[in-house]
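Visitor: I'm new to reading structures. Could you walk me through this one?

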Amino acid sequence: MIDIKLLKEKPELVKKAIQEKKVADKVNFEELVILDNKYSELLQKVESHRALRNQLSSDISKVPAENREKLITEAGRVKAELKELEESLTSVEIQRDNLLKKVPNIIHESVPSGKDETENVVIKKWGSPKKFDFTAKDHIELGKLLGLIDTEKSSEISGTRFTYLFGDAVLLQFGLIQFVFESLMDPKLVEKLAKEVGNPNFTPFVPVIPPVFMRSEIMDKMDRLEPQDDRYVFAEDSLVLVGSAEHTMGPLHMGEILDDSQLPKRYIGYSTAFRREAGSYGKDTRGILRVHQFDKLELECFTTPETGLVEQDLLVAFQQYFVQQLEIPHQIVAICTGDMGKPDYRQIDIECFMPGQDKYRETHTSDYMTDYQARRLNIRYKKGGYVHMNDATAFAIGRILIAILENYQRADGSIEVPKILRKYVGKDIIR
RNA sequence: GGAGGGAUCGCAUAGUGGACUAGUGCGCAGUCCUGGAAAGACUGUAUAGGAGUGAUCCUAUCGGGGGUUCGAAUCCCCCUCCCUCCGCCA
């Protein structure tokens with residue numbers, strides 16, 4: 001949720017966010033302002049009535065018992081009036097907050113304006129698409145050939161958009177996890193990358209395995225519950241399956257006041273992510289690019305407002321480091337206003353080249369959300385105000401496996417193991 | 001799943017209807033003392049919203065929500081979480 005003060009202080013930024021971000025239910029800015037003014041008026045009335053009631057109650061306690069009757073009658077009248085006023089206040093407040101929750105976060109000035117993903121801007125390319133002297137296969141064919149991926153069996157057992165991984169694919173997954181954890185916990189590497197992007201904090205990341213079930217109302221505070229169609233909901237238990245480790249790591253400090261010396265707090269979480277993929281029927285139906293269940297390494301950081309933006313720069317630097325270490329050609333994309341998430345202030349994606357599709361496809365995203373989530377989660381820090389939050393993908397295992405298989409394939413269908421992962425997989429070639 | 005106990009200011013604790021304007025200790029900040037420090041003394045130390053140039057004042061917040069009352073940290077109801085024990089369990 002945005003800071004309500006922004007309505008008055010930076011109305012043009014709020015209007016711009018409402019206009020340019022693609023959200024299902026656009027808020028009428030003027031209506032919101034009218035409701036907020038009405039709320040302030042009522043609040044003043046309620047407060048002066050409360051002051052009067054408090055004064056009368058205090059008087060009652062001070063006068064002798066026989067003189068109390070008249071004051072109590074008077075206080076009873078004030079109480080009745082107050083009740084009515086409070087009821088209208090509550091109703092206006094609910095209306096106002098329902099609208100306010102629908103207002104997307106404001107947008108950083110560097111974000112390109114655009115209507116949808118076609119207007120995202122490539123800000124950097126690394127490597128160039130590999131030229132094969134044979135016809136490149138896609139991950140489905142390669143996975144089947146090498147016995148690594150079986151989506152046919154999983155369809156029988158679990159339905160479409162699920163998969164079995166076997167053998168060396170599993171070893172690749174555990175290698176990736178180990179590689180990411182080791183990198184993010186290495187103080188020297190954190191310091192090096194932080195310095196490169198001008199981030200003054202060298203705190204290493206803490207590994208986390210978070211729960212995959214959570215209360216739906218907490219997910220709502222993260223502004224990740226909607227559209228609820230995309231969530232697996234367990235109504236009987238009032239629980240929801242997470243769509244990302246972000247969902248359970250973001251609320252880690254809910255309701256806390258963090259000491260400034262504890263910031264930044266940096267976490268690298270590993271968990272399974274669950275997505276119903278409602279509304280993407282017919283899109284990417286083959287293979288493991290878009291599945292209901294996948295494992296993901298996710299970064300989550302809590303900082304002061306001053307260092308929020310350079311924190312995202314650090315996360316993006318780590319993402320680049322990871323794909324560069326894998327030596328996979330990729331591009332960094334500044335997501336435009338019409339394609340960015342509702343809570344985002346700035347969103348940057350990484351797209352890896354996938355030779356099987358001959359396209360760059362999204363493998364990483366990073367979201368800087370300022371205090372948008374922290375406000376409803378009530379995560380503050382001592383010097384005052386809400387912390388700023390960042391989340392970012394370290395690796396979405398399924399998608400990076402696709403990139404590895406397709407980029408490292410050889411004419412005979414075998415796969416060269418990326419150098420950085422060889423010590424974990426225990427071999428140079430998967431055949 | 002069952003039985004009992006608890007949640008109070010940054011932390012720890014006191015507080016069974018009006019003197020709570022939430023006490024005390026610790027921590028933190030400032031001043032004094034000191035050659036300097038420790039110890040000690042004194043003072044101050046929550047957040048949010050609102051009014052005022054300002055000192056200051058008003059309102060809300062004692063896990064969350066609702067209720068009783070002129071008045072609730074305190075009484076009643078519901079919920080959440082934590083602790084102890086029993087049951088089940090990898």
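Guide: Let's begin with a term: helices (H or I, at least four residues) and strands (E, at least two) are DSSP runs, numbered from the N terminus. This is a predicted model, where local features need pLDDT of at least 70, side-chain atom pairs count only at pLDDT 80 or more, and totals for chains, interfaces and linings use all residues. Residues are numbered from 1 along each chain as its sequence is written, while chains are lettered from A and ligands numbered from 1 in the order in which they are written.

Visitor: Which helix does V33 lie in?
Guide: Look along residues 29-62, a run that forms one helix. V33 belongs to that run, so by the DSSP numbering its helix is α3.

Visitor: Is V33 buried, exposed or partly exposed?
Guide: A residue is buried if 20 or more other C-beta atoms lie within 10 Å of its own, exposed if 12 or fewer, and partly exposed in between, with C-beta atoms placed from the backbone. V33 has 16 such neighbours within 10 Å, so V33 is partly exposed.

Visitor: Which helix gives the most to the surface near RNA strand B?
Guide: Here, "near" means that a residue's C-beta atom, placed from the backbone, lies within 6 Å of the strand. Both α3 and α4 (68-102) supply at least two residues each. With 10 residues, the top giver is α3.

Visitor: Which residues come nearest to RNA strand B?
Guide: There are 16 residues around this strand. Out of those, the nearest are A51, N54, S57, S61 and A75.

Visitor: Which residues of α8 are buried?
Guide: Helix α8 covers residues 187-197. On the face turned away from its buried side you'll find K188, K195 and E196, which are exposed. The buried ones are V190, L193 and A194.

Visitor: Why are those three on the same side of α8?
Guide: Picture the directions from the helix axis to the C-beta atoms; the arc is taken from these. The buried residues end up on the same side of α8 because they cover an arc of only 105 degrees.

Visitor: How far apart are the centres of domain 1 and domain 2?
Guide: Chain A is divided into domain 1 (6-102) and domain 2 (117-430), with bounds from an automatic or database domain assignment. Their contact (C-beta atoms, placed from the backbone, within 7 Å) takes four residues from domain 1 and five residues from domain 2. Taken over C-alpha atoms, the centres are separated by 43 Å.

Notes. Two residues are in contact if their C-beta atoms, placed from the backbone, lie within 7 Å.
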